[in-house]
Amino acid sequence: MVTDKPPAPPPTLEAMMTPDELTAAQADATRWRYGFLVVVAGIVAVLVAFGAAVFASGEFAALFAGVAGVVGTIIGAYFGVQAGQSGKARVEAELARSQEMVVRLAAYVGTDNAPRVIEEVLGRRRS
């Protein structure tokens with residue numbers, strides 16, 4: 001289609017380097033939701049098996065100890081994995097921001113001033 005308007009300018013470098021936080025939040029919410037559904041399904045399956053075993057054998061106390069251990073393990077694993085994933089995502093986001101800052105600073109310093117800046121910031125290079 002031909003129009004009288006000039007083409008839109010390309011996006012700036014800053015706009016291209018901004019992380020899409022909405023997508024990250026949606027992925028995090030999806031991970032929590034599906035993880036929760038898997039945990040609930042696992043607990044329901046264990047409880048159904050417990051009910052069937054109690055009905056068949058009539059022993060309650062011995063079977064309940066096993067169920068409590070399994071349910072506790074499932075819940076603990078779920079929250080442990082979620083906490084680990086959350087920490088990993090935070091570290092990766094911080095790494096991306098740091099890397100962006102390094103690239104911007106390197107572009108700002110330029111090749112003429114780079115050796116002087118490196119020596120001032122990092123000290124002399126050991127050979």
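## Val70 in helix 3

Val70 counts as partly exposed in this predicted model, because its relative accessibility of 37% falls between the 20% limit for buried and the 50% limit for exposed. The residue belongs to helix 3. Its C-alpha atom is separated by 7.9 Å from that of Val46, a residue 24 places away along the chain.

## Gln82, also in helix 3

Is Gln82 buried or exposed? Gln82 is buried, because its relative accessible area is 4% and the cut-off for buried is under 20%. Helix 3, which spans residues 61-122, holds this glutamine.

Which residues does Gln82 touch once its neighbours within four places in sequence are set aside? The answer is a pair that sits side by side in the numbering: Gln82 is in contact with Arg31 and Trp32.

## The chain as a whole

Stepping back, the chain has three helices and zero strands, and reading from the N terminus gives the order α-α-α. Of the 127 residues in the chain, 8% are buried, and Gln82 is one of the buried residues.

As for the surface, the chain exposes about 10700 Å², with 68% of that area supplied by carbon and sulfur atoms. Looking at contacts with a separation of 6 or more, 66% come from residues 24 or more positions apart.

## Spans annotated in UniProt

Where does UniProt place a "transmembrane region"? The record, an unreviewed entry, puts this feature at residues 34-55 and 61-81.

In the model, residues 34-55 are 100% helix and 0% strand, and 31 Å lies between the end C-alpha atoms. For residues 61-81, the end C-alpha atoms are 30 Å apart, and this span is likewise 100% helix and 0% strand.

## The second largest pocket

For anyone who likes to look at pockets, the second largest one has a volume of about 220 Å³. Its lining is made up of Val102, Leu105, Ala106, Val109, Gly110, Ala114, Val117, Ile118, Val121 and Leu122.

How many of the lining residues are nonpolar, polar and charged? Nine are nonpolar, one is polar and none is charged. The polar one is Gly110, because glycine is counted among the polar residues here.

Conventions. Residues are numbered from 1 along each chain as its sequence is written. This is a predicted model: local features need pLDDT of at least 70, side-chain atom pairs count only at pLDDT 80 or more; totals for chains, interfaces and linings use all residues. Side-chain values use heavy atoms; hydrogens and water are left out. Helices (H or I, at least four residues) and strands (E, at least two) are DSSP runs, numbered from the N terminus. Buried means under 20% relative accessible area, exposed over 50%, partly exposed in between (1.4 Å probe, protein chains only). Contact means heavy atoms within 4.5 Å. On a 1 Å grid over the protein atoms alone, a cavity is a set of points where a 1.4 Å probe fits but cannot get out, and a pocket is an open set with protein on both sides within 12 Å along at least five of seven lines; lining residues have an atom within 4 Å of a point. Grid points are joined across faces, edges and corners, and a volume is the space filled by probe spheres set on the points. UniProt positions are given in the numbering used here, feature names are shortened, and annotations may be inferred rather than shown by experiment. Accessible areas come from the Shrake-Rupley method with a 1.4 Å probe; for residues, only the protein chains shown count as cover.
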